[in-house]
Amino acid sequence: MGYQSEETIFALSTGLGRAAIAVMRVSGPQSASLLTRLCGKVPLPRKAVLRRVWQDASVKDNLLDEALVLWFPGPNSYTGEDGFELHLHAGPAVIKAVAEALVAGGARPAEPGEFTRRAFTNGRMDLVEAEGIADLVDAETESQRKLALAQTDGALSRLYENWAERLKRVLAHQEALIDFPDEDLPEEVEQGLLNEIHALIGAMQEHLQDGKRGERIRRGVVFAIAGPPNAGKSSLLNWLADRDAAIVSPVAGTTRDAIEVNGSLAGVRVTFVDTAGMRETQDEIEAEGVKRALFHVKQADCVLQMFTGDMLPENVFPGALLIGNKTDLGPVPAKVLGMSVIPVSLQTGEGLNALRTILEQKVEALTAQSASGAPLLTRARHEAGVKEACLCLQQALEQEWPEMRGEELRLAMRALGRLTGHVGVEDLLDAVFGQFCIGK
Ligand SMILES: Nc1nc2c(c(=O)[nH]1)N(C=O)[C@@H](CNc1ccc(C(=O)N[C@@H](CCC(=O)O)C(=O)O)cc1)CN2
Ligand SMILES: Nc1nc2c(ncn2[C@@H]2O[C@H](COP(=O)(O)OP(=O)(O)OP(=O)(O)O)[C@@H](O)[C@H]2O)c(=O)[nH]1
Ligand SMILES: [Mg+2]
């Protein structure tokens, strides 16, 4: 059994704003007495019942609402402790009155992510699965949903746990070599151990090299739109956004600040960043805009490099897609510096369907799952942990002394343990759960 929380917490688990129903969620040791206080008695576990909700049901004082009530006794509930839900009429006054009744009964408002934090502390899920739940709540696209769901289901946890298991066996063999150096342990023990370390390093490197795919799906694929002034970059952004997000004008140097628009392509979340036209300029503000444009070009997963037939680019940004605009005014070459050009006219719409298809293909290529179907790396926290474990294993291979090798193996083990939250993560928890929304 995990620890027992002392405090009973509550939060509105459904969003604010006009709605029919609001779910008030409660968890902690005083749940049963609170539920009795508000509704008179505790219903059967997980059976929805319709009850009147009072400020104090024992004296039928001050009726607050009529609600659907669900009782979730621990330890098999979401949080692992006693809890209940009130499905209320979603008026702000109802919610406020019920919150006040809960406070009067001894509960306090929950911190962001506190329900899931309790689920973690009570051993209902590990840290990677908890992060998956936060991502599932935030998921806006189909690919984000699938990635997060796989993670809540433990696919990524199982990968990390499998490494930790294998490492534990390596460490046990290493300890045997330390404790019985002169005994006749078979030669194969040391060779087998080294082979396994190599295999683990290989698996970790493959996971890391699976690149930024998982992170791209989770955070969105970023396209930066760059090129000289007046090429039609803001016109392209507005077409992609399907609204007037950026100012379009015949004046060269119109856009200064980078303008970001979110959308979805091929079921993937994408961000398009329109930037200032790049040129030498005396204007201080425009120069700052150009600086920011270069920053976004560097950060982007793919650059949409725009130009027109009368000002061909002298160089191409790495991995860029070349877009030749204003075909209505004159032809653009089929190739520039050996690279194919996508001809379009934002004015007439010519070539835009083809462009959309190319962008969808690009997004698919940037986020494609590996053929093995192995779970993807999704967060910088995981990347750092796997990198650290991998580095320790590489250092273990370089140690002459068995004791030193053992130490590096233990450090690798610890790095993996911190990933899933099985060891020494107290310092991490505020950072992980602070990113959740209230009521989760
Ligand atoms: N109204 C409501 N909808 C919800 C949730 C919730 O807590 N409340 N969830 C929460 O995020 C998600 C579903 N997750 C859930 C997880 C466990 C249980 C549950 O009833 N557990 C049982 C034990 C089940 C068993 O082990 O057999 C229990 O509480 O006794 C319910 C929902 C999404 N939808
Ligand atoms: N004829 C024609 N004009 C276009 C086309 N696309 C954009 N324009 C015009 O070109 C001008 C510049 O367009 P913008 O989209 O503001 O260009 P920009 O690249 O964002 O320019 P800066 O922000 O100054 O760097 C505007 O007057 C647009 O209406 C096109 O395909 N054909
Ligand atoms: Mg512009």
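**Entry 1: the N-terminal span**

I started with residues 8-124, where the chain is 26% helix and 34% strand, and the end C-alpha atoms lie 18 Å apart. I noted what helix and strand mean here: DSSP runs numbered from the N terminus, helices (H or I) having at least four residues and strands (E) at least two. An unreviewed UniProt entry labels residues 8-124 "domain: GTP-binding protein TrmE N-terminal". I reminded myself that UniProt positions are in the numbering used here, that feature names are shortened, and that annotations may be inferred rather than shown by experiment.

A note on ground rules: this is a predicted model, in which local features need pLDDT of at least 70 and side-chain atom pairs count only at pLDDT 80 or more, while totals for chains, interfaces and linings use all residues. Residues are numbered from 1 along each chain as its sequence is written, and chains are lettered from A and ligands numbered from 1 in the order in which they are written.

**Entry 2: the G domain**

Next I looked up residues 223-308, which the unreviewed UniProt entry calls "domain: G". Over this span I found 29% helix and 29% strand, with 19 Å between the end C-alpha atoms.

**Entry 3: binding-site residues**

UniProt's unreviewed entry puts a "binding site" at Arg25, Glu85, Arg124 and Lys440. I picked two of these to check, Glu85 and Lys440.

Glu85 sits in strand E5, residues 83-89. Is Glu85 buried or exposed? Neither fully: Glu85 is partly exposed, because 19 other C-beta atoms lie within 10 Å. The cut-offs are 20 or more other C-beta atoms within 10 Å for buried, 12 or fewer for exposed, and anything in between for partly exposed, with C-beta atoms placed from the backbone. Setting aside neighbours within four places in sequence, I found Glu85 in contact with Val23, Met24, Arg25 and Leu70. Contact here means that the two C-beta atoms, placed from the backbone, lie within 7 Å. I liked that Arg25 is among those contacts, since UniProt lists Arg25 for the binding site too.

Lys440 is in the segment after helix H14 (426-433). Lys440 counts as buried because it has 22 other C-beta atoms within 10 Å. With neighbours within four places left out again, Lys440 touches Gly113, Phe115, Thr116, Ile133 and Val137.

**Entry 4: H6 against H7**

Then I turned to helix packing. The axes of H6 and H7 are 10 Å apart, at an angle of about 155 degrees. For the record, axes are lines fitted to C-alpha atoms, for helices over the stretch in contact, and angles run from 0 to 180 degrees between N-to-C directions. The two helices are therefore roughly antiparallel. I wrote down the scale: under 35 degrees is roughly parallel, over 145 roughly antiparallel, 65 to 115 roughly perpendicular, and the rest oblique.

The H6 and H7 crossing is left-handed. That term means the near helix is turned anticlockwise from the far one by less than a right angle; clockwise would be right-handed.

Which residues of H6 meet H7? Among them are Trp163, Arg166, Leu167 and Val170, and on the H7 side I noted Leu193, Glu196 and Ile197, among others. By class, this contact has 10 nonpolar, two polar and three charged residues. Ala, Val, Leu, Ile, Met, Phe, Trp, Tyr, Cys and Pro count as nonpolar, Asp, Glu, Lys and Arg as charged, and the others, Gly among them, as polar.

I zoomed in on Glu196, which lies in helix H7 (residues 187-209). Glu196 is partly exposed because it has 16 C-beta neighbours inside 10 Å. Beyond its neighbours within four places in sequence, Glu196 is in contact with Arg166 and Val170. From Glu196 to Val94 I got 61 Å, C-alpha to C-alpha, for 102 residues apart in sequence.

**Entry 5: H13 and its partners**

H6 (residues 155-179) also packs with H13 (residues 402-420): their axes come within 9 Å and cross at roughly 160 degrees. That makes H6 roughly antiparallel to H13. Their contact holds 14 nonpolar, five polar and six charged residues.

H12 (residues 380-398) is another partner, with axes within 8 Å of H13 and a crossing of roughly 170 degrees. So H12 is roughly antiparallel to H13 as well.

**Entry 6: backbone oddities**

Gly74 and Pro75 are joined by a cis peptide bond, with omega about 0 degrees. Pro75 is in the loop between strand E4 (61-72) and E5.

Asn62 isn't a glycine, yet its phi is positive, about 60 degrees. Asn62 is in strand E4.
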